[in-house]
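Biologist: Before I rely on terms such as shell, sheet edge or domain contact, I should like to know what justifies each of them. Please take me through the structure on that basis.

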Amino acid sequence: MIKTINQGLTGKIKVPGDKSISHRSIMLGALADGDTYITNFLDSEDCMRTVEAFKALGSDIKVAGSIVEIKGKGVKELKKPSGPLNMGNSGTTARLLSGILSGLPFNATIIGDDSLSNRPMDRIIEPLNQMGATIESKNNRLPMTIHGDQLHPIEYKLPIDSAQVKSAVLLAGLLTSGHTTVIENNETRDHTERMLPLFGGKVNRENKRISIKGNQHLHGAKIKIPGDISSASFWIAGAVITPGSDITISDVGLNPTRIGFINVLKRMNANISMKVTRYEGDEPIGNIHVQYSQLQSTTIEEQEVASFIDEVPLLALVATQINGSVKIEHIEELKYKESNRIQTTVQALNALNVNAKEIENGILIEGQSKLIGNEIQTYGDHRIAMMACVASFISEGDIILDDTDCINISYPNFLDELHRINNNL
Ligand SMILES: O=C(O)C1=C[C@@H](OP(=O)(O)O)[C@@H](O)[C@H](O)C1
Ligand SMILES: C=C(OP(=O)(O)O)C(=O)O
């Protein structure tokens, strides 16, 4: 049960390391030759799936909390695993790893939990087939057996805006002997492209064309992972909607491909500012200052959706407090996340007395809603669970979640932080 809080959020908050960047740091460290040292690694269930998968492929990886050491031996030393690789709930692990396995000289089977086993894999099967991999799947879903082979480079125009597909093709491209190019329609998170140079890899980027040369030698690297902007967004949303709030979130990643939620909130008139204070590798890091705000409606553009894709449930929650109504459109991709987040967001908000409904590939939310506590079904989706917890800042009556374990997928100390804020600690 999450107790109603009804008080402003104040003070300083730090969030754990970025999930997308943590996954990629393990993958590149395992492909590289030499030692990789990672700090502020996100020690969450999803990222540990990536660690365990590479251990099963023979990588020497030691995790001690948020510190990870990898003794990389290069891609040639990766070995056929002795059993199926379990991706758990992690779409990023499943899709990026498929790109790598496609270029390795053995067969490997990947499996996942019920949620992941229902998520589409044709988006990666198709380009990886084009590159020469043979992939058997259950109707384009997990379990999937990848018959790795000598891959050839391709030029691939992404049919959907997906950083996971882009990264899977780029990582497979590293295992070819030519140039692989991915063309984006709208820009998606670019952590793979920004991280490769740290390991000595070359990537060419011209507008939305990203090219990578195969057979590059990668060396080990030192990486400090920025705080996760998607995790920070729970507190940003909470502060914006809760009277009396004034918080500063420090050391958080401010990569331009990830700050769409802040950009939309600014258009809604939110009192929010951010400042880049340093770079770790090519990733900008800084602070975000947020205060309670009187919000107005805005229009959501298709080309910006990828920059706040994981924050849509929060944007919908924020929209319940604006003057007017908001249509969040062009979000079909939300149907293929850990739950169908269009449905599960609408259902959670309806349960809290909000007038919200599903529209074609989107959600329509009426503002000025009085939230009333209720039981919320999370469908095992971490982002729905945490969004419901944030709703408790402004709800009348307690909110009861059917599951809070799923929060460990991306933000293991979220409930402790909520407790700390709740008690002004
Ligand atoms: O590349 C990544 O690390 C991610 C990309 C996004 O997925 P899509 O590529 O499916 O949009 C995002 O939703 C996910 O949380 C992490
Ligand atoms: C969609 C998400 O992650 P993944 O695709 O890696 O499961 C998420 O974290 O919201």
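Modeller: This is a predicted model. Ligand 2 is surrounded by Asp46, Ser90, Gly91, Thr92, Asp310, Lys337, Glu338, Arg383 and Ser410.

Biologist: What makes these residues count as surrounding ligand 2?

Modeller: The criterion is a C-beta atom, placed from the backbone, within 6 Å of the molecule. Asp46 and Arg383 are among the residues listed around ligand 2, so their C-beta positions satisfy that cut-off.

Biologist: What classes of residue make up the shell around ligand 2?

Modeller: Four residues are polar and five are charged, with no nonpolar residue. Gly91 belongs to this shell, and Gly is counted as polar.

Biologist: Why is ligand 2 said to lie between domain 1 and domain 2?

Modeller: Domain 1 (10-16 + 226-422) and domain 2 (19-224) both contribute residues to its shell, so ligand 2 lies between them.

Biologist: Which residues surround ligand 1, and which domains supply them?

Modeller: Ser20, Thr92, Ser162, Ala163, Gln164, Ser167, Arg189, Ile309, Asp310 and Glu333 surround ligand 1. Each of domain 1 and domain 2 supplies at least three residues. Helix H5 (residues 163-173) gives the largest share, three residues. By class, the shell has two nonpolar, five polar and three charged residues.

Biologist: How do you know that domain 1 and domain 2 touch, and how many residues take part?

Modeller: The C-alpha centres of the two domains are 28 Å apart. The contact takes 22 residues from domain 1 and 24 residues from domain 2. Two residues are in contact if their C-beta atoms lie within 7 Å, so the touching is judged on residue pairs. On the side of domain 1 that touches domain 2, seven residues are nonpolar, eight polar and seven charged.

Biologist: What makes strand S2 (residues 33-39) and strand S4 (residues 67-73) a pair?

Modeller: Pairing requires at least two bridges. S2 and S4 are joined by six and run antiparallel, so the requirement is met. Within S4, Lys71 is the bridge partner of Asp35. S2 is also joined to strand S13 (residues 222-224), in parallel, by three bridges; there Tyr37 stands opposite Lys222.

Biologist: Why are S17 and S18 called edge strands?

Modeller: They belong to an open sheet of three strands, in the order S17-S19-S18, with antiparallel pairing. Strand S17 (325-328) and strand S18 (356-359) each have a single partner strand, so one side of each is left without a neighbour in the sheet. The twist from one strand to the next averages 15 degrees.

Biologist: What joins S18 to strand S19 (residues 362-366), and which helices pack there?

Modeller: S18 and S19 pair in the antiparallel sense over four bridges, and Gly362 in S19 is the bridge partner of Ile359. Helix H9 (residues 312-319) lies across S17, S18 and S19, at about 165 degrees to S17. Helix H10 (residues 341-351) touches S18 and S19, its direction making about 160 degrees with that of S18.

Biologist: What makes the pairing of the four-stranded sheet S1-S14-S16-S15 noteworthy in description?

Modeller: This open sheet has mixed pairing. Its edge strands are S1 (10-14) and S15 (271-280), each pairing on one side only. S1 and strand S14 (residues 246-253) pair in parallel over five bridges, with Thr10 opposite Asp246.

How values were computed
Residues are numbered from 1 along each chain as its sequence is written. Chains are lettered from A and ligands numbered from 1 in the order in which they are written. This is a predicted model: local features need pLDDT of at least 70, side-chain atom pairs count only at pLDDT 80 or more; totals for chains, interfaces and linings use all residues. Helices (H or I, at least four residues) and strands (E, at least two) are DSSP runs, numbered from the N terminus. Domain bounds come from an automatic or database domain assignment. Axes are lines fitted to C-alpha atoms, for helices over the stretch in contact, and angles run from 0 to 180 degrees between N-to-C directions.
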